[in-house]
Amino acid sequence: MFYSPYTLIPCGALSARSAAQPRNGVLLRNDEGGYACLQTWPELGDPTLDEELDAIRDGKPLRLGARALKCAMLDGEARAKKVNMFDGYTVPLSHATLPVSATPFMVYTLHQRGFRTGKLKLLPNLPATIEKLMNLAAMVPEWKWRLDFNATLSPEGALEFWDMLPEAMRRRIDFIEDPCPYTVESWQMLQDAGIPLGYDIGSPDATCGVPCCTSTPMIRVVKPARDRTTEGVPVFTSYMDHPLGQLWAAWCAARYYHGKDPKEVPLCGLVTHHVYRMNEFSEELGAAIYPSIKLPGGTGLGFDELLAAQEWKKL
């Protein structure tokens with residue numbers, strides 16, 4: 001196994017729990033020539049990158065490492081056959097992933113490029129958050145919204161946020177992801193108040209999968225870099241990681257929805273490279289983003305020449 005470190009520079013704060021600081025990760029290459037991405041979010045409950053790499057060295061990969069090894073295995077098999085993993089698949093369209101610093105002009109520009117739903121990271125300062133959301137939403141009256149608090153509110157704060165929204169704005173909310181840490185009682189209370197919920201990191205036990213004890217099914221945010229299962233109502237998203245990891249998420253989503261009625265395929269969150277400064281990989285995906293991801297071609301997940309040109313070290 002070999003690795004090549006990388007650093008991604010955010011264009012702004014990426015969430016309520018993540019400052020605008022460089023994100024470090026590694027690209028992996030297995031002995032069969034398959035590639036994968038490994039990037040962790042310790043502030044959201046992940047082990048550190050060093051812990052993940054040590055576990056791979058010991059032959060006992062942790063959750064993110066195991067998923068990266070799975071990616072590398074499948075990618076290597078496709079490269080050995082000289083085929084592209086996306087052949088025969090259609091990648092779902094994506095919502096517009098918006099950073100904390102999103103502006104009305106940014107939203108309007110994305111509207112012009114075909115986006116009709118925004119995924120917005122929110123801060124727990126409710127008055128300022130409501131004002132920001134309303135300003136953005138006024139710029140694109142046709143848009144639906146997916147909101148993510150990264151579990152920074154209390155259950156009471158989540159109810160207060162919902163109560164502060166005008167009724168017309170509530171009707172434009174697709175779902176609110178992780179408004180507060182998950183418990184059956186608190187999330188049932190939020191559902192009873194009419195809040196459409198999405199689940200990602202809502203429980204301290206990140207291995208528990210989607211909660212199934214509340215009365216109404218909720219959206220399950222599935223991140224293939226982390227998640228092996230797809231219980232619930234899945235919406236696939238990237239791990240806001242390297243463009244190679246973004247393509248792994250896109251392929252997993254395309255495979256999951258293959259053969260399903262297009263009307264049953266939800267918008268996903270697979271176009272995320274724009275939240276970082278451009279690098280040689282993201283340049284191949286395009287600086288101007290659209291709801292459909294631009295695939296780089298090549299074998300496996302792609303990026304053949306760029307991956308071969310990286311400096312690889314023995315793990």
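In which loop is the place of proline 92? Keep that in mind as we walk through this predicted model, one selection at a time.

**Stop 1: the sheet**

Start by showing the strands. Four of them make an open sheet, and reading across it gives the order E3-E2-E1-E11, with antiparallel pairing. Select strand E3 (35-39) and then strand E11 (313-314): these two stand at the edges with a single partner strand each, so one side of each has no neighbour in the sheet. In general, strands in a sheet pair through backbone hydrogen bonds, and the pairing can be parallel or antiparallel.

Now pick strand E1 (residues 2-8). E1 runs antiparallel to E11, and two bridges join them. Click on phenylalanine 2 and look across to E11, where lysine 314 stands opposite.

**Stop 2: a helix across the sheet**

Next, select helix H2 (residues 63-80). H2 lies across strand E2 (23-29) and E3, and its direction is at about 160 degrees to E3.

Keep H2 coloured and add helix H8 (residues 243-256). What angle do H2 and H8 make where they pack? The angle is about 75 degrees, and the axes are 11 Å apart. The two helices are therefore roughly perpendicular to each other. To see the contact itself, show the side chains of Arg67, Lys70, Cys71 and Leu74 on H2, then Trp248, Trp251 and Cys252 on H8. Sorted by class, this contact has five nonpolar residues, two charged ones and no polar ones.

**Stop 3: proline 92**

Back to our opening puzzle. Follow the chain onward from H2 and stop before strand E4 (96-98): proline 92 sits in the loop between H2 and E4. Is proline 92 buried or exposed? Its relative accessible area is 6%, so proline 92 is buried.

Show what surrounds this residue. Leaving out residues up to four places away in sequence, proline 92 touches Ala253, Ala254, Tyr257, Val265, Pro266, Cys268, Leu270 and Pro291. You can also draw a distance from proline 92 to tyrosine 290: their C-alpha atoms are 12 Å apart, while 198 residues separate them along the chain.

**Stop 4: salt bridges**

Side chains of opposite charge can pair when their charged atoms come close. How many salt bridges does the count come to? The count is 14, and we will visit a few.

- Select aspartate 304 and arginine 79. They form a salt bridge, with the closest N and O atoms 3.6 Å apart. Aspartate 304 lies in helix H10 (residues 304-308) and arginine 79 in H2, so this pair ties together parts that are 225 residues apart in sequence. Aspartate 304 is partly exposed, at 28% relative accessibility, whereas arginine 79 is buried, at 11%.
- Move on to glutamate 167 and arginine 171, whose side chains meet in a salt bridge at 3.9 Å, N to O. Glutamate 167 is partly exposed, with a relative accessible area of 44%. Arginine 171 is exposed, with a value of 55%.
- Finish with aspartate 227 and arginine 220. In this salt bridge the closest N and O atoms are 3.5 Å apart, and both residues are buried. Now add Asp200, Lys223 and Arg226 to your selection: together with Arg220 and Asp227, they are joined into one network by salt bridges that share partners.

Note on methods
Residues are numbered from 1 along each chain as its sequence is written. This is a predicted model: local features need pLDDT of at least 70, side-chain atom pairs count only at pLDDT 80 or more; totals for chains, interfaces and linings use all residues. Side-chain values use heavy atoms; hydrogens and water are left out. Two strands pair if DSSP finds at least two bridges between them. Helices (H or I, at least four residues) and strands (E, at least two) are DSSP runs, numbered from the N terminus. Contact means heavy atoms within 4.5 Å. Axes are lines fitted to C-alpha atoms, for helices over the stretch in contact, and angles run from 0 to 180 degrees between N-to-C directions. Buried means under 20% relative accessible area, exposed over 50%, partly exposed in between (1.4 Å probe, protein chains only). A salt bridge is a side-chain nitrogen of Lys or Arg within 4 Å of a carboxyl oxygen of Asp or Glu. Angles under 35 degrees count as roughly parallel, over 145 as roughly antiparallel, 65 to 115 as roughly perpendicular and the rest as oblique. Ala, Val, Leu, Ile, Met, Phe, Trp, Tyr, Cys and Pro count as nonpolar, Asp, Glu, Lys and Arg as charged, and the others, Gly among them, as polar.
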